[in-house]
Amino acid sequence: MVTASSIGSRVETLSGSGISTIPKEYVRPKEELINIGDIFEEEKSTEGPQVPTIDLKEIDSEDIKVREKCREQLKKAASDWGVMHLVNHGISDELMERVKKAGKDFFDLPIEQKEKYANDQVSGKIQGYGSKLANNASGQLEWEDYFFHCVYPEDKRDLSIWPQTPSDYIVATSEYAKELRGLATKILTILSLGLGLEEGRLEKEVGGLEELVLQMKINYYPKCPQPELALGVEAHTDVSALTFILHNMVPGLQLFYGGKWVTAKCVPNSIVMHIGDTLEILSNGKYKSILHRGLVNKEKVRISWAVFCEPAKEKIILKPLPETVSEEEPAMFPPRTFFEHIQHKLFRQSQEALMSTKEAALKSKEAALISTK
Ligand code: OGA
Ligand code: NI
């Protein structure tokens with residue numbers, strides 16, 4: 001539905017309007033602004049730790065030694081970083097290019113045409129074209145528009161809300177989702193074995209072929225006149241079991257590792273894979289869900305295609321699997337459904353926002369008192 005409030009609220013419109021300073025809602029609080037530098041410079045840096053690249057070519061090798069070495073590297077990256085560049089993942093470059101072209105062609109349409117696909121978050125219609133609504137007192141916003149929809153399993157999709165233009169969108173995206181689902185199974189198998197579990201265990205715990213839902217979010221980050229003050233996506237961990245991300249080779253993704261923000265390199269034909277909260281919980285913290293964020297820049301539009309593999313909202317209780325818990329390693333997470341986990345995170349976030357508003361108010365009061373002394 002096209003509503004008065006949705007028109008004119010797109011970041012793309014703002015970006016194209018020729019403003020040289022961004023509205024205050026997009027300016028991040030001071031604490032977040034340290035270390036937001038020029039992302040192109042940051043991407044070139046070879047200093048410090050780097051996001052691991054995992055080559056999956058030998059994942060099913062006949063040679064047990066070769067196969068085990070490959071699998072060890074994957075498990076190590078999942079336990080150490082919780083994020084990695086996957087190469088030789090088995091999904092063809094051609095298919096990935098088609099998905100990216102289709103998404104880009106959709107976003108290249110005039111805004112009025114995209115608005116026909118607008119979501120309506122207030123009424124619970126979360127699928128479609130959208131931008132973040134301010135969800136706390138500070139009214140903080142992110143420098144991006146997006147398109148969000150379920151892509152797998154096929155009976156849970158609603159093709160009627162998918163972009164009709166370009167014509168390859170539905171075909172390419174469906175095919176890609178199907179391939180990713182296969183890759184997810186492969187990864188879950190290795191990660192199960194890595195915890196000393198039967199190979200099908202994690203797949204089963206997250207709902208198997210019927211219940212694990214793949215949701216695609218195309219993140220569209222327009223050029224930003226003050227990239228040092230804004231964020232495309234604020235710091236968060238993904239709630240999913242796994243997340244797979246493609247991008248248009250414009251840097252932006254940063255990972256919080258070893259107490260510092262590390263900029264991900266753009267690795268050709270790779271898929272960025274995150275371990276999300278769901279696997280972190282099931283593995284009792286042995287696999288990590290890393291804090292990450294997205295920067296924006298002045299020169300280039302950045303687009304990323306994130307596919308979140310998520311368990312059913314209410315059906316499954318997420319808690320550390322008994323095999324991962326011992327006297328020395330007690331359960332680090334209380335049992336919650338996926339839905340409760342999300343609610344809990346939102347609640348914690350709003351508490352933190354409240355705290356920082358209060359702190360800011362106190363500080364300005366103190367400052368006023370000092371200045372009148
Ligand atoms: C996300 C995300 C990062 C990116 O959508 O959850 O972290 O690279 N995106 O756009
Ligand atoms: Ni994320």
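# Exercises on a predicted model: ligand 1, the nickel ion and the core

In this predicted model, an oxygen atom of ligand 1 is placed 3.0 Å from an N or O atom in the side chain of His-292. The exercises below begin from that contact.

**Exercise 1.** Determine which residues surround ligand 1 and what share of its area the protein buries.

*Solution.* Begin with the polar contacts: besides His-292, the side chain of His-236 has an N or O atom 3.0 Å from an oxygen atom of ligand 1, and a polar side-chain atom of Tyr-221 lies 2.6 Å from an oxygen atom of the ligand. Next, consider the cover as a whole: ligand 1 taken alone exposes 290 Å², of which the protein buries 97%. Then list the surroundings, which are formed by Asn-219, Tyr-221, His-236, Asp-238, Leu-253, His-292, Arg-302, Ser-304 and Phe-308. Finally, assign elements: β5 (213-221) and β12 (302-310) each supply at least two residues of this shell, and the largest share, 3 residues, comes from β12.

**Exercise 2.** Identify which atoms coordinate the nickel ion (ligand 2) and where along the chain their residues lie.

*Solution.* First, name the donors: the nickel ion (ligand 2) is coordinated at 2.1 Å by His-236 through NE2, Asp-238 through OD and His-292 through NE2. Second, read their spacing along the chain, which is H-x1-D-x53-H. Third, place the pair Asp-238 and His-292, which links distant parts of the chain: Asp-238 belongs to the loop between β6 (233-236) and β7 (242-247), whereas His-292 belongs to strand β11 (residues 292-294), 54 residues apart. Fourth, check burial, and both Asp-238 and His-292 prove to be buried. His-236, Asp-238 and His-292 also appear among the residues that surround ligand 1.

**Exercise 3.** Decide for His-274, Ser-240 and Glu-329 whether each is buried, exposed or partly exposed, and find what each one touches,,.

*Solution.* Take His-274 in strand β10 (residues 271-275) to begin with; its relative accessibility is 0%, and it therefore counts as buried. Leaving aside neighbours within four places in sequence, the contacts of His-274 include the metal-site residues Asp-238 and His-292 as well as Leu-242, Leu-253 and Ile-290.

Move next to Ser-240, in the loop between β6 and β7, which has a relative accessible area of 0% and so is buried too. A polar atom of the Ser-240 side chain lies 3.4 Å from the backbone oxygen of Leu-242. Beyond four places in sequence, Ser-240 is in contact with residues including Asp-277, Thr-278, Phe-308 and Phe-338.

Turn last to Glu-329, in the loop between β13 (317-318) and β14 (336-337); because its relative accessibility is 42%, Glu-329 counts as partly exposed. Setting aside neighbours within four places, Glu-329 is in contact with Asn-284, Lys-286 and Thr-324.

**Exercise 4.** Describe the largest nonpolar core and state which element gives the largest share of its residues.

*Solution.* Start from the count: the largest nonpolar core has 67 residues, and those with the most contacts inside it are Tyr-176, Leu-242 and Phe-244. Its largest share, 11 residues, is contributed by helix α7 (residues 169-194). Apart from this core lies another, of 12 residues, among them Trp-81, Val-83, Val-262 and Ala-306. Then examine Tyr-176, whose contacts beyond four places in sequence are Ile-91, Leu-95, Met-96, Val-99, Met-216, Leu-246, Ile-271 and Val-307.

Note on methods:
Residues numbered from 1 in each chain as written. Chains lettered and ligands numbered in written order. Predicted model: local features only at pLDDT ≥ 70, side-chain atom pairs only at ≥ 80, totals over all residues. Heavy atoms only, no water. Core = buried A, V, L, I, M, F, W, Y, C linked by side-chain atoms within 4.5 Å. Buried < 20%, exposed > 50% of the residue type's maximum accessible area, 1.4 Å probe, protein only. Helix = DSSP H or I, 4+ residues; strand = E, 2+ residues; numbered from the N terminus. Contact = heavy atoms within 4.5 Å. Donors = N, O, S within 2.8 Å, 3.2 Å for Na, K, Ca; no water. Near = heavy atom within 4 Å. Polar contact = N/O pair within 3.5 Å; in protein donor to acceptor, adjacent residues only side chain to side chain. Areas by Shrake-Rupley, 256 points an atom, 1.4 Å probe, with all protein chains shown as cover.
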